[in-house]
Amino acid sequence: MNTKMEKAINEQINAELYSAYLYLSMAAWYSSSGLKGFANWERIQAQEERDHALKFYDYVLARGGAVTLTPIAGPPTEWRTPADAFAFQLEHEQKVTELITNLVNLAQKEKDHASYNMLQWFIDEQVEEEENARDILDKLKLIEGEKGTGVLFMLDKELATRVYTPPVVEKT
Ligand code: FEO
């Protein structure tokens with residue numbers, strides 16, 4: 001792997017760990033707002049982000065590259081409403097999609113087929129990441145329209161049912 005690709009993937013490791021930080025911060029905010037189901041959902045989201053970081057981390061090592069961990073920026077700590085938090089999350093995921101797209105473009109430019117192949121998983125994953133955030137945001141917008149909290153608590157119960165599924169570890 002050339003140094004340009006190695007540097008870019010190391011930056012993505014930092015971006016994925018920042019995403020984990022952001023969602024843990026949201027989980028804490030939901031917890032202290034009495035929405036334990038939302039908190040559960042974001043805690044699991046944070047675990048998934050850590051898995052994303054590790055997927056890149058393992059890839060760099062598998063290619064004989066060096067993993068360089070850099071400081072992670074502090075995320076925001078509060079939002080006005082759950083709908084604001086999910087709008088923030090959707091925007092964040094759209095930015096991550098852009099970062100992944102830039103990595104794919106770089107892999108193409110550098111004729112790095114292995115990196116290009118590895119990145120296809122992330123292309124699909126970002127479609128799901130944006131869809132998840134958009135779906136919940138849409139529901140929250142409906143709730144705001146109704147000006148009721150009953151539906152919010154029903155959604156909280158629904159989000160409480162999310163369970164963490166560890167990634168399948170590929171044998172090397
Ligand atoms: Fe690592 Fe939420 O994408």
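These exercises work through the fold, one helix pair and one residue of a predicted model.

**Exercise 1. Which secondary-structure elements does the protein chain have, and in what pattern?**

Solution. Start with the count. The chain has 5 helices and 0 strands. Now read along the sequence. The pattern is α-α-α-α-α.

**Exercise 2. Describe the overall extent, burial and surface of the protein chain.**

Solution. Take the principal axes. The C-alpha atoms fill a box of roughly 55 × 30 × 25 Å. Next, burial. Of the 172 residues, 42% count as buried. Then the surface. The chain exposes about 9,900 Å², and carbon and sulfur atoms supply 56% of that area. Last, contact range. Take contacts between residues at least 6 apart in sequence: 81% of these join residues at least 24 apart.

**Exercise 3. Classify the packing of helix 1 against helix 3.**

Solution. Two quantities describe a packed pair: the angle between the axes and the distance between them. Helix 1 spans residues 3–32 and helix 3 spans residues 82–109. Their axes come within 11 Å and cross at roughly 170 degrees. Angles over 145 degrees count as roughly antiparallel. Helix 1 is therefore roughly antiparallel to helix 3. Sort the contact by class: 20 nonpolar, 4 polar and 4 charged residues.

**Exercise 4. Place Glu 144 in the structure: where does it lie, and what is Glu 144 in contact with?**

Solution. Glu 144 lies in helix 4, residues 113–146. Its relative accessibility is 42%, so Glu 144 counts as partly exposed. Set aside neighbours within four places in sequence. Glu 144 is then in contact with Thr 81 and Ala 83. Finally, take Ala 73, 71 residues away along the chain. The C-alpha atoms of Glu 144 and Ala 73 are separated by 32 Å.

Conventions. Residues are numbered from 1 along each chain as its sequence is written. This is a predicted model: local features need pLDDT of at least 70, side-chain atom pairs count only at pLDDT 80 or more; totals for chains, interfaces and linings use all residues. Side-chain values use heavy atoms; hydrogens and water are left out. Axes are lines fitted to C-alpha atoms, for helices over the stretch in contact, and angles run from 0 to 180 degrees between N-to-C directions. Helices (H or I, at least four residues) and strands (E, at least two) are DSSP runs, numbered from the N terminus. Angles under 35 degrees count as roughly parallel, over 145 as roughly antiparallel, 65 to 115 as roughly perpendicular and the rest as oblique. Ala, Val, Leu, Ile, Met, Phe, Trp, Tyr, Cys and Pro count as nonpolar, Asp, Glu, Lys and Arg as charged, and the others, Gly among them, as polar. Buried means under 20% relative accessible area, exposed over 50%, partly exposed in between (1.4 Å probe, protein chains only). Contact means heavy atoms within 4.5 Å. Accessible areas come from the Shrake-Rupley method with a 1.4 Å probe; for residues, only the protein chains shown count as cover.
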